[in-house]
Amino acid sequence: MTTPTAVLSATGLFTPPESISNDELVAAFNRYVAAYNTRHAAEIAAGSRAALAESGSEFIEKASGIQSRFVMDKSGILDPDIMRPQLPQRSNDEPSLQAEIGAAAAREALQGAGVDAADIDMVIVANSNMQRPYPAMAVEVQALLGCGGFAYDMNVACSSATFGVQAAADAVANGSATRALVVNAEICSAHLNFRDRDSHFIFGDAATALVVERADLAQPGRGFAIRSTRLWTQFSNNIRNNAGFLNRCEIGNDPLAADKLFVQNGRKVFKEVCPAVGEHIAAHLAACGIDAHKVRRFWLHQANRSMNELISRRVLGRDASAEEAPIILDRYANTSSAGSVIALHLYQDDLKAGDLGVLSSFGAGYSIGSVILEKR
Ligand code: COA
């Protein structure tokens, strides 16, 4: 293995102030279902339209492990007549919402690293969803913080964090940057169909940030050496969102149709992604000559508790303890690219110099990324 040239020196987290419990979400969904079924009672009775089924908190917690989620706007989501976040429109002269929450997480990461914003010369915003196509969200974050150098956006869905870390570590290793910020600013509540029983409970909002810098510039004793990164992708339609700039031009296409939001075949995703992630992490560790049992912590993408349990079992050959593979999705739900970084942010303080950890994210694409970290 080559000497590490990049370190992940600090992390930051922005958590929205409002949270929605399963019971609150289910109550709003079931009010919508009751109104829908009443409105279409005659057709339902005639058999020409299917009645909608209610959602249930018990199912949600059992199927996903999610108990609550943080969101940018609670009242709009819980209003059965609206069922989406209601976000005040901002003028072009105001900071955009996504850049603002990304910058909030970034400020904490910069403070943790002991780095001035002006010393950052690369900013990546890596998300499942970008607020707009251009100018890049990353360039706005760069300006809000007062960073130098260059900035760009990238999107590898839920895997965006680890893909961003590899891009930053490579840039630092090859000399095109010295200090990078990787920001994951996820407003997943805006791409979630809160009228879809199968998925209305899955996502929450949060922003995370990481500082990746050249080892010789980083303050000693902070963060982690980036020992190795590994990425994988394979095309699949099982997690898809068709929103895009061609929607309004495609003949017969409705830009507001349900396929312009998150859609998945959850069962297939579960069955196909878990083994692929388990094998990916095991192969990555083996390639680096690391015994999986020597890894103190797995900061996994946070989509589903059973998925994470299965992945840990595949890597370790046994169940992981709560300390080895911490869960944050119980209170954050799936925050897409931010999830694994939230786990890293909240569960790193007890590690000692030399301890090994794996940051891994996975999702649409399909895509999988892993980063092997060694505590400094
Ligand atoms: N409330 C109550 N019951 C529900 C429900 C809800 N909100 N949604 C579905 N159900 C019912 C279904 O109707 C079905 O009933 P049936 O067995 O009588 O037909 C049953 O629960 C199982 O539904 P299914 O969709 O097969 O559930 P599941 O066990 O696969 O769990 C997910 C659904 C989404 C939690 C799960 O597939 C998953 O987490 N997949 C991983 C994918 C993922 O999270 N991806 C995100 C991007 S990485």
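This tour visits four backbone sites in a predicted model, taking the two cis peptide bonds before the two residues with positive phi. As background for every stop, most residues other than glycine have a negative phi, and most peptide bonds are trans.

Begin by selecting Y134 and P135, and display the backbone atoms between them: the peptide bond that joins this pair is cis, with omega at about -5 degrees. Widening the selection to the surrounding elements shows P135 in the loop that runs between β4, residues 122-126, and α6, residues 137-145.

Move next to G365 and Y366, which are likewise joined by a cis peptide bond, here with an omega of about -10 degrees. To place this site, colour the strands β12 (356-363) and β13 (367-375), since Y366 sits in the loop between β12 and β13.

For the remaining stops, turn to the loop between α10 (329-332) and α11 (338-346), and select A333 within that loop. Although A333 is not a glycine, its phi is positive, at about 60 degrees. Is A333 buried or exposed? With a relative accessibility of 0%, A333 counts as buried, because the cut-off for that term is under 20% relative accessible area.

Finally, keep α10 and α11 in view and select S336, which belongs to the loop between these helices. S336, another residue other than glycine, also has a positive phi, near 55 degrees. Its relative accessibility is 1%, and S336 therefore counts as buried.

Terms used:
Residues are numbered from 1 along each chain as its sequence is written. This is a predicted model: local features need pLDDT of at least 70, side-chain atom pairs count only at pLDDT 80 or more; totals for chains, interfaces and linings use all residues. Side-chain values use heavy atoms; hydrogens and water are left out. Helices (H or I, at least four residues) and strands (E, at least two) are DSSP runs, numbered from the N terminus. Buried means under 20% relative accessible area, exposed over 50%, partly exposed in between (1.4 Å probe, protein chains only).
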